[in-house]
Amino acid sequence: MDERRTAICEAVLDLAAEGGNRAVTHGAVDKRLALPKGSTSYYYRTRTDLLTAAIGRLRDRSRAEFERAVPRTVDPDAAADVMAHQLHLLLTDRRRDALARYALAPDAAADGLAADLATCLFSVPLATGLFAALGTVDSGRAAADLVSMLEGLLFDRLYGARSLGPAKAEAESVADLRGPIRRALNYGA
């Protein structure tokens, strides 16, 4: 992806995280990047094209972050640690990405992008592979359940009851996230 397209995608994610899905327009992106009027439309003709590219950028960043962190051994404790740290990153350093993802959900559903958005942060196929390697009988079902739980943990800490408490230090946050993840990895064992 060239620099201009990358900047446009990043601006879309910023706008969505800050102002919700309706804040994302071609004109708002032009303004945010100080581009001449119509520049964003040159690169992404329709709003759906614009959202598709931004969601793809979000997916690619998530995959790269996960690939850097993934343990090279199949161990439930190491896997739980990696997942807890990845969730913590989505609550801190990558918070903008998580907020943008939720903000874009209504438009993604209406524009036929729901599957792309739903799978941009968490991967059922990767989780299925992990459960298969751990010897889980029904690795597909276990993976789907794990991803649903990860989604719930993220949402709860962004918008739910656990978002109302004081911010936790990294070690406490990761430990708090690790518990339910580790228990979920015992699925079907």
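A pocket, as the word is used here, is an open set of grid points with protein on both sides within 12 Å along at least five of seven lines. The structure examined in these exercises is a predicted model.

**Exercise 1. Describe the largest pocket by its volume, its lining and the helices that supply the lining.**

Step 1. Begin with the space itself: the largest pocket holds about 510 Å³.

Step 2. Turn next to the walls, where 26 residues form the lining, and where Phe66, Val70, Met83, Leu126 and Ala127 are the ones that lie nearest the centre.

Step 3. Assign the lining to elements: helix H4 (47-69), helix H5 (76-91), helix H8 (124-133) and helix H9 (139-158) each supply at least two residues, and H5 gives the most, with 6 residues.

Step 4. Sort the lining of the largest pocket by class, which yields 17 nonpolar, 5 polar and 4 charged residues.

**Exercise 2. Describe the second largest pocket in the same way.**

Step 1. The volume of the second largest pocket is about 320 Å³.

Step 2. Its lining consists of 13 residues, and the closest to the centre are Arg157, Arg162, Pro166, Ala167 and Lys168.

Step 3. Two or more residues of this lining come from each of H5 and helix H10 (170-184).

Step 4. Divided by class, the lining of the second largest pocket contains 3 nonpolar, 5 polar and 5 charged residues.

**Exercise 3. Find the residues that touch the most other members of the largest nonpolar core, and follow the contacts of one of them.**

Step 1. The largest nonpolar core has 51 residues, and within it Leu87, Leu154, Ile181 and Leu185 touch the most other members.

Step 2. The elements that give two or more residues to this core are helix H1 (3-19), H4, H5, helix H6 (95-110), H8, H9 and H10, and the largest contribution, 8 residues, is made by H9.

Step 3. Take leucine 87 as the example: once residues up to four places away in sequence are set aside, leucine 87 touches Phe122, Leu150, Leu153, Leu154, Leu177 and Ile181.

**Exercise 4. Explain why cysteine 9 and cysteine 120 do not form a disulfide.**

Step 1. A disulfide requires two cysteine sulfur atoms within 2.5 Å.

Step 2. The closest cysteine sulfur to that of cysteine 9 belongs to cysteine 120 and is 12 Å away, so the two are too far apart for a bond.

Step 3. Checking from the other side gives the matching result, since the closest cysteine sulfur to that of cysteine 120 is in cysteine 9, at 12 Å.

Step 4. The search of the whole structure accordingly finds 0 disulfides.

Step 5. As an additional note on their surroundings, cysteine 9 is buried, with a relative accessible area of 1%, and cysteine 120 is buried as well, at 0%.

**Exercise 5. Decide whether serine 139 and aspartate 145 are buried, partly exposed or exposed, and place each in the structure.**

Step 1. Recall the cut-offs, by which buried means under 20% relative accessible area, exposed means over 50%, and partly exposed lies in between.

Step 2. Serine 139 lies in helix H9, and because its relative accessible area is 15%, serine 139 is buried.

Step 3. Apart from neighbours within four places in sequence, serine 139 is in contact with Thr128, Phe131 and Ala132.

Step 4. Aspartate 145 is also found in helix H9, but its relative accessibility is 37%, so aspartate 145 counts as partly exposed.

Step 5. To place aspartate 145 further, compare its position with that of tyrosine 187: the two are 42 residues apart in sequence, while their C-alpha atoms are 9.1 Å apart in space.

Terms used:
Residues numbered from 1 in each chain as written. Predicted model: local features only at pLDDT ≥ 70, side-chain atom pairs only at ≥ 80, totals over all residues. Heavy atoms only, no water. 1 Å grid on protein atoms, 1.4 Å probe; cavity = no way out; pocket = protein on both sides within 12 Å on 5 of 7 lines; lining within 4 Å. Points joined across faces, edges and corners; volume = space filled by probe spheres on them. Helix = DSSP H or I, 4+ residues; strand = E, 2+ residues; numbered from the N terminus. Nonpolar A, V, L, I, M, F, W, Y, C, P; charged D, E, K, R; others polar. Core = buried A, V, L, I, M, F, W, Y, C linked by side-chain atoms within 4.5 Å. Buried < 20%, exposed > 50% of the residue type's maximum accessible area, 1.4 Å probe, protein only. Contact = heavy atoms within 4.5 Å.
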